[in-house]
Amino acid sequence: MKIGIFSTYDDSGAGNAAVKINRAFKKKGINSKLYVAIKKTKESIPLKKNLLYIFFFYLRSYINKIVATLFFRHQSNKGFISLDLLNTKNSKIINNMNLDIIQLNWINNFLSISDLNKIKKPIVWRLSDMWPFVGVEHFTDDTKWNKKIKKKSMIDFEYLTWKKKREMLKKNISIVTPSIWLAKKAKKSYLMKNCNITVIPTPIDPNIYNLQKEKLTQNSIPKNKFIILFSAKYLYEKRKGFEYFKKVTSKLNKIYPDKIHFVTVGKYNNETLMAFPKNTTHFGLINNEKKIVEILNLSNLFFILSKKDNLPQTALEANMCGLPIIALNVGGVKEIIKENINGNILNRITNKELKKIIDKYIVLKNYQKLKIKIRKLSKKKYSSELVVKKYLKLYKKILSKNQNKLNVN
């Protein structure tokens, strides 16, 4: 069985997921390769290496931003958007590859909707967000997201994007979602209501994300403090709950004066620095997994304040390292948490609610025992070996059906 995984990047959220999936396959001896538009790590293979290809990639990305600015700037409810209407020749390259299964991760600006329609091999589309079954948004609160989109004007890019997806999804494409939440959203959508949808989480390698026997030291993190971690690629992104950071940290400092130290991992700006108090260490964006694991092991709690989210890998990584999670009740995040076992849902950002939750952690004497328990639970749900078995079961089912069709014809 030969698997080709396709992702625009090999870093960031969806790109990291593609790397983890490919790595898990290879570890089990599966012939798998990760192909990307823009290579940033050693884990992938660029689909094409020439400068002209890279130029057109960034040109498509730039055109997408221009169209978004011109046609959607007055619609404040629209978050990050993608159109992917400009065709490429990537489908021809893919069709000429010796592959049994084409697995798509986040493919915006890499493969157009029309490109997907031209791919002849069996396709598994692993969703990272809502974009594949809505119009142009990646996450939406619109109550009409599951309805048929109608053309509103002569130049209606949202309708055109949605229409192309409708035509493309007439193909027999298998859908994978990391969370039950996203699977339910996809199944209720107009575009994917007839699709075969399987829930398979992102694999987390317990050999990489582990409990360190001896804690390494970070000079910028003070000892004898209760460490609370916040992590996102873009800490200033509204979707990741930027507006809540100042509220939560200031309340916690008042409830537990001189007891807490905050840590952030991710890109930040001046606005981010102003949102967090002085007792904060900002590490910036870290792509080194060993350093991430080190910080996870040095922390006591991991806060997720996302307003919209799927099944964030940061949360899965934290749990695999035995770190409890405190999160708002949104998206697929709530699927990770077993109340009072591996974390807690924060229903309201109030002094009373925060104190009620944090009290039991801040006074805990045997924190290592809790971490071992959380890690054990995480391994049962998200370890690489379990996830690979689920993918192989799906792949074999797809290839069997495909072979039956060929035999009939």
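Contact means heavy atoms within 4.5 Å. This is a predicted model, where local features need pLDDT of at least 70, side-chain atom pairs count only at pLDDT 80 or more, and totals for chains, interfaces and linings use all residues. Residues are numbered from 1 along each chain as its sequence is written, and side-chain values use heavy atoms, with hydrogens and water left out.

**Exercise 1. Find which residues of helix 5 are buried, and what covers them.**

Step 1. Fix the terms. Helices (H or I, at least four residues) and strands (E, at least two) are DSSP runs, numbered from the N terminus. Buried means under 20% relative accessible area, exposed over 50%, partly exposed in between (1.4 Å probe, protein chains only).

Step 2. List the residues. Glu158, Tyr159, Thr161, Trp162, Lys165 and Met168 are buried in helix 5.

Step 3. Look for the cover. It includes helix 2 (51–72), helix 4 (113–118) and strand 5 (123–126).

**Exercise 2. Check the span of helix 5 and find the cap at its N-terminal end.**

Step 1. Take the rule: the expected span is 1.5 Å times one less than the number of residues.

Step 2. Apply it. Helix 5 (residues 157–168) has twelve residues, so it should span 16 Å. Its end C-alpha atoms are 16 Å apart, which agrees.

Step 3. Go to the N-terminal end. Asp156 is the cap: one of its side-chain oxygens lies 3.3 Å from the backbone nitrogen of Glu158.

**Exercise 3. Work out which parts the salt bridges of Lys40 and Glu43 tie together.**

Step 1. Define the bond. A salt bridge is a side-chain nitrogen of Lys or Arg within 4 Å of a carboxyl oxygen of Asp or Glu. The structure holds 16 of them.

Step 2. Take Lys40. Its partner is Asp11, with the closest N and O atoms 3.9 Å apart. Lys40 lies in the loop between strand 2 (31–38) and strand 3 (45–46), and Asp11 in the loop between strand 1 (2–9) and helix 1 (12–27), so the pair ties together parts 29 residues apart in sequence. Asp11 is buried, at 12%.

Step 3. Take Glu43. It pairs with Arg23, the closest N and O atoms being 2.9 Å apart. Glu43 lies in the loop between strand 2 and strand 3 and Arg23 in helix 1, so this pair ties together parts 20 residues apart in sequence. Glu43 is partly exposed at 30%, and Arg23 is partly exposed at 22%.

**Exercise 4. Place the salt bridge between Asp359 and Lys355.**

Step 1. Get the distance: the closest N and O atoms are 2.8 Å apart.

Step 2. Locate the pair. Both residues lie in helix 12 (residues 351–362), four residues apart, about one turn of the helix.

Notes:
A polar contact is a pair of N or O atoms within 3.5 Å; within protein, one must be able to donate a hydrogen and the other to accept it, and residues adjacent in sequence count only if both atoms are side-chain atoms.
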